[in-house]
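Subject: Structure handover, with notes

Dear colleague,

I am passing the structure on to you below, together with notes on what was found in it. Please read the notes with the coordinates open beside them.

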Amino acid sequence: MRIGYFLSCEEYTPAQLIEQAKLAQEAGFQGLWISDHYHPWNDEQGQSPFVWSMIGALSQVVTIPVTTAVTCPIQRIHPAVTAQAAATSAVLHDGRFVLGVGTGEALNEHVTGERWPSAAERLEMLEESVAVMRELWDGGFVNHRGRYYNVEQAQVYTRPAEPPKVYVSAFGPKAVDLAGRIADGYILTMPDGDLVKAFREAGGGDKPVQGGFKASWAPTEEEAVATAHRIWPNSGVPGELSQVLPSPKHFEQASQLVTPEQVAKAVACGPDPAKQAEQLKAYEDAGFDEVYVANIGPHYAELIDLYRKEFL
């Protein structure tokens with residue numbers, strides 16, 4: 001199983017993200033995830049740089065693969081524009097860019113004032129969006145009149161030698177079926193072997209499966225838990241709330257119900273490498289091909305160094 005590093009755009013400034021990427025590559029991490037958000041989950045996280053600017057900057061400082069985890073190409077940005085952004089990113093990264101996609105969250109996608117669609121409708125939109133992008137990546141002028149998207153005489157001129165791979169994030173059974181049918185790979189943020197098996201049986205076969213988890217390094221476990229609870233209490237928000245709550249303020253309200261003990265169960269906290277090993281093994285046992293770890297809080301250099309010494 002390959003180990004990568006997750007760049008959390010919700011928490012860090014552009015300069016900090018670039019620093020983390022360089023440190024991660026130097027430490028031996030084998031790839032990068034980067035989140036695509038318009039808002040952070042809460043004001044305590046406090047950042048949200050534009051992912052496509054960040055991906056361009058990353059191309060100048062690292063040579064390891066970069067995957068968006070994940071882009072929602074169905075509402076905030078039209079798939080014809082996302083197709084151009086992904087194609088340019090793949091050119092900049094010499095083909096080492098992967099477009100991770102999903103059906104998104106109201107938190108990020110409602111900002112243009114459009115109605116937030118139902119989960120079933122968003123899956124239909126995602127399928128059409130991916131088809132539109134792949135047609136544009138094939139070259140030539142594209143005219144498309146679909147149920148959700150229109151494209152008129154559009155051509156993506158700057159394209160990589162091979163079209164970008166599209167990995168799909170999916171949790172529910174209908175979404176996993178869609179991922180099995182259309183994806184070049186699968187993205188999941190829980191070490192669920194049953195979902196991995198369902199993806200493979202739905203048509204995913206031996207395509208790559210990526211996972212990711214949060215860690216919080218601090219000199220003591222108590223400090224690490226306190227930091228994670230202060231900055232990422234939303235990691236304990238259950239069910240579909242993460243898809244439908246529209247603003248950081250709403251996440252802050254819901255997160256008041258999340259205790260430090262719940263966060264400690266969801267996040268690998270503290271300086272003990274055994275905490276990280278436990279998370280890594282859970283993903284390995286569930287059949288993941290790649291796993292990406294994100295740091296919470298100011299001690300990202302220490303977490304990266306721990307991985308360099310213990311796992312990479």
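**Backbone points to check**

Val 70 lies in the loop between strand S3 and helix H3 (79–92), and the peptide bond that joins Ala 69 to Val 70 is cis, with omega at about -10°. Please keep in mind throughout that this is a predicted model. As background to this section, most peptide bonds are trans, and most residues other than glycine have a negative phi.

Two residues depart from that second habit. Asp 94, in the loop between H3 and strand S4 (97–101), has a positive phi near 55° without being a glycine, and its relative accessible area of 60% makes it exposed. Gln 153, which belongs to strand S6 (residues 150–154), also is not a glycine and has a positive phi of about 45°; at 55% relative accessibility, Gln 153 counts as exposed.

**Helix H1 and its surroundings**

Helix H1 (residues 14–27) has 14 residues, which at 1.5 Å a residue should span 20 Å, and the C-alpha atoms at its ends are indeed 20 Å apart, so expectation and model agree. The buried residues of H1 include Leu 17, Ile 18, Gln 20, Ala 21, Ala 24 and Ala 27, and among the elements that cover the buried residues of this helix are strand S1 (2–7), S2, H2 and helix H13 (300–310). After H1 comes Gly 28, with a positive phi near 110°.

Val 62, in the loop between H2 and strand S3 (66–68), is buried at 2% relative accessibility. Val 62 touches Ala 21, Lys 22, Gln 25 and Leu 32, leaving aside residues up to four places away in sequence. Although Val 62 and Ile 18 are 44 residues apart in sequence, their C-alpha atoms are 9.1 Å apart in space.

**Nonpolar cores**

In soluble globular proteins, nonpolar side chains tend to be buried together. The largest nonpolar core here has 74 residues, and the members that touch the most others are Tyr 5, Phe 29, Leu 32, Ile 34, Leu 58, Tyr 186 and Tyr 307. Helix H5 (residues 119–137) gives the most to this core, contributing 8 residues. A second core, separate from that one, has 17 residues, including Ala 218, Val 237, Val 258 and Cys 269.

If residues up to four places away in sequence are left out, the contacts of Tyr 5 include Gln 20 and Ala 24, as well as Phe 29, Leu 32, Trp 33, Tyr 292, Tyr 300 and Ile 304.

**Aromatic rings**

The count of aromatic pairs comes to 12. One of these, Tyr 186 with Phe 199, is stacked, at 4.7 Å centre to centre and with 20° between the planes. Since Tyr 186 is in strand S8 (residues 185–188) and Phe 199 is in helix H7 (residues 193–204), the pair ties together parts that are 13 residues apart in sequence. Tyr 186 is buried, with a relative accessible area of 0%, and Phe 199 is buried as well, with a value of 0%.

Phe 213 and Tyr 283 also form a stacked pair, because their ring centres are 5.8 Å apart and their planes meet at 25°, under the 30 degrees that stacking requires. This pair ties together parts that are 70 residues apart in sequence, because Phe 213 lies in strand S9 (residues 209–216) and Tyr 283 in helix H12 (residues 273–285). Both Phe 213 and Tyr 283 are buried.

Tyr 5, Phe 29, Tyr 307 and Phe 311 form one aromatic cluster. In addition, the charged end of Lys 214 sits over the ring of Trp 232, at 4.3 Å from the ring centre.

**Two buried polar residues**

His 37 is in the loop between strand S2 (32–34) and helix H2 (51–58), and its relative accessible area of 8% makes it buried. The side chain of His 37 makes polar contacts with the side chain of Glu 10, at 3.3 Å, and with the side chain of Asn 108, at 3.4 Å. Beyond residues up to four places away in sequence, the residues that His 37 touches include Ser 48, Pro 49, Arg 76, Glu 105 and Leu 107.

Ser 255 is part of helix H10 (residues 248–255) and is buried at 6% relative accessibility. Ser 255 touches Pro 233, Asn 234 and Val 237, with residues up to four places away in sequence not counted.

With best regards

Note on methods. Residues are numbered from 1 along each chain as its sequence is written. This is a predicted model: local features need pLDDT of at least 70, side-chain atom pairs count only at pLDDT 80 or more; totals for chains, interfaces and linings use all residues. Side-chain values use heavy atoms; hydrogens and water are left out. A nonpolar core is a set of buried Ala, Val, Leu, Ile, Met, Phe, Trp, Tyr and Cys residues joined through side-chain atoms within 4.5 Å. Buried means under 20% relative accessible area, exposed over 50%, partly exposed in between (1.4 Å probe, protein chains only). Helices (H or I, at least four residues) and strands (E, at least two) are DSSP runs, numbered from the N terminus. Contact means heavy atoms within 4.5 Å. Rings of Phe, Tyr and Trp (its six-membered ring) pair if their centres lie within 6.5 Å; planes under 30 degrees apart count as stacked, over 60 as edge-to-face and the rest as tilted. A charge sits over a ring if NZ of Lys or CZ of Arg is within 6 Å of the ring centre and within 35 degrees of the ring normal. A polar contact is a pair of N or O atoms within 3.5 Å; within protein, one must be able to donate a hydrogen and the other to accept it, and residues adjacent in sequence count only if both atoms are side-chain atoms. The expected span of a helix is 1.5 Å times one less than its number of residues.
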